[in-house]
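Open the model in a viewer and keep a selection tool at hand. The tour goes from one selection to the next.

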Amino acid sequence: MRSVEESDGKKTWWWHEQYPMVTYLASLAIHPYYTYSDWYVNADNDSMEVQFYVFPDDVSGARENNAKTVSMIKAFAELFGEYPFIEEKYGHAQFLWGGGMEHQTISSLGGYGEGLIAHELAHQWWGDMVTCEDFHHIWLNEGFATYSEALWWEYIYGEEALFQRMSYNTYFGEETVYVEDPFSENIFNYQTTYNKASWVLHMLRHVVGDDVFFQTLRTYYKEFKFKTATTEQFRDLCERVSGKDLDRFFDQWIYQSGAPHYQWLCQKQPNEGGGWRVSGFIKQVQPFGPVFHMPIDLTVYTNSGEQTFVINNTKQSQGFEFVVADEPVNVRLDKDDWILKQVEQITAPEFVVQEILLTSPDGAERTVFAPGESGRLAFRAQNRGVAASDVRALLQSNDPFLDIVKASGAFGVVTTGDSIDNLDDPFVFNVAENAPSHLAQLDLMFESAAGEAQVIPLQLPIGEPTLLIVDDDAGADYEKYYWDMALQMNVFAELWSIEEQGDVDAGTLQNYGAVLWFTGDAVDSTLTPNDQTALQQYLAYGGRLLLTGQNIAADLAGSADEGDSVFLANV
């Protein structure tokens, strides 16, 4: 504030902003506030007033955390560089709704939580002094301010408080930190723009190291002071300061979705040259997102201390091996939680079936068995879990039309990575003479001395398909839901794609007791006159039809083609 003029019983306040300011950072807060001040003194012994504008009824509640503001300014000035508007002021003006807004030199606050105060103060550096070029890159404002909250907790309460604070920011969703379309998307998506974006900085810090990370922020401060920045500009600066190639890091965490879900296995055994060998593998099993390339800390604990190794994980499944002097008593993956991740340790055998082979008694490969036939079932499986002893494979079924004649095989010790099979001595089964057409349910089980059995469900087609699922929606894949339902109900179904196989005639339809015809929402290109004729003949033959699609009945009724209306009326 420059001056206050009084005239005719009125006061006029004159304000001046001497620093560059983004337009959305200006604010007017007008109220009969209770005001008081504190003072920030920097390393050069220069002082700056810190002003507080509080509703009179809230003064007592605001004082405690307002008193921490000067300490926060000192902490951030030490970490990032001097408070950017040192020639003017900083402060808070209370407003009526929740949250806060980083108005330049005086933040608007709807409360006085310690984290909120730290967040809006940090914006004076990240969001006010350096502003994102456009809202595609809003994480450069909000992610920085959110991570600054964690930095304040670390500064005042210690490293454990940093990790605890970051645990509150965990998010694994499909959205990207980069905002693809600021005009239609919520640029202030709290989970991505704030939380996941703060994790990007947290992980970057560990990738480049503490000293380099904070040197990067101070360089960012100097080179972009009172300018705008993009993700690419920040990335390039990080690469220049750290000397590391960070293109993949920024691409996977800013422009792609998800986070790694690690499953890992670790085993120990005496090393021939002395000491102990620690070996295992890490695999990524997240349902979406890329294969993340990240350095992962693996900490080995022994009675004489701990030793951390770094695995540069770049593959979906990747092995590791280390040698330590003393016998390990525990091993932990990313013990300090420097990576945004889900993680589970594999502690039991895990058999993954690689091949199932069905044959007739003479060895001919089969996919379907008729009532009264015998068959053979062979498998090949790999143990991707811990080593197992007394391994047995069993084939079981509760299907009343299936008799398992030979149902087991023994394999002894199966170590990690070893494969087993019963190709030379397969399971044997008989199908009952009176078996109806259906999918028989079988369970392939693996047991070992480790305890709980692992069950892998299988289905055996018997007889002829009884349901035809017709895909008539111009190539979309919605029919998969009907297919899944058929499998769950043990219905032997077959799929016909109009796009790939052409029209299906009445003779083909009559081979099935039921037809499920999915049209999608394109009545002008589905249910052609030929289709309609075939379906009417199928129904006349006694078939059962479920005709389904988006608004298909309304589309047929509203069609200009009289044939469509007649078909709808008849069917």
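Which residues in α7 meet which residues in α8? Bear in mind while looking that this is a predicted model.

**Stop 1: a helix pair**

Select residues 210-223 for helix α7 and residues 231-242 for helix α8. On the α7 side, show V212, Q215, T216, T219, Y220 and E223; in α8 they meet F234, L237, C238, R240, V241 and S242. By class, this contact has six nonpolar, four polar and two charged residues.

An α-helix has 3.6 residues a turn, so residues three or four places apart point the same way.

Now draw the two axes. The helices α7 and α8 pack at an angle of about 125°, and their axes are 9 Å apart. Angles over 145 degrees would count as roughly antiparallel and 65 to 115 as roughly perpendicular; α7 and α8 are therefore oblique to each other. The crossing of α7 and α8 is right-handed.

**Stop 2: a covered helix**

Next, select residues 114-122, helix α3. How many of its nine residues are buried? Eight are, and the helix is mostly covered. To see them, colour E114, G115, I117, A118, H119, E120, L121 and A122, which are the buried residues of α3.

**Stop 3: a four-stranded sheet**

Move on to the strands β14, β11, β10 and β16, which form an open sheet in that order. The pairing in this sheet is mixed. Select 317-324 for β14 and 342-345 for β16 to mark the edge strands, each of which pairs on one side only. From one strand to the next, the twist averages 25°.

Then select residues 261-270, strand β10, together with β16: these two pair in the parallel sense over four bridges. Which residue in β16 is the bridge partner of Y262? Label V343 to find it.

**Stop 4: a three-stranded sheet**

The last selection is another open sheet, with three strands in the order β13-β12-β15 and antiparallel pairing. Pick 305-313 for β13 and 328-333 for β15. Both stand at the edges with a single partner strand each, so one side of each is left without a neighbour in the sheet. The twist here averages 20° from one strand to the next.

Add residues 294-302 for strand β12, which runs antiparallel to β15 and is joined to β15 by five bridges. To finish, label T302 and look across to β15, where P328 stands opposite.

Notes
Residues are numbered from 1 along each chain as its sequence is written. This is a predicted model: local features need pLDDT of at least 70, side-chain atom pairs count only at pLDDT 80 or more; totals for chains, interfaces and linings use all residues. Side-chain values use heavy atoms; hydrogens and water are left out. Two strands pair if DSSP finds at least two bridges between them. Axes are lines fitted to C-alpha atoms, for helices over the stretch in contact, and angles run from 0 to 180 degrees between N-to-C directions. Angles under 35 degrees count as roughly parallel, over 145 as roughly antiparallel, 65 to 115 as roughly perpendicular and the rest as oblique. A crossing is left-handed if the near helix is turned anticlockwise from the far one by less than a right angle, and right-handed if clockwise. Contact means heavy atoms within 4.5 Å. Ala, Val, Leu, Ile, Met, Phe, Trp, Tyr, Cys and Pro count as nonpolar, Asp, Glu, Lys and Arg as charged, and the others, Gly among them, as polar. Buried means under 20% relative accessible area, exposed over 50%, partly exposed in between (1.4 Å probe, protein chains only).
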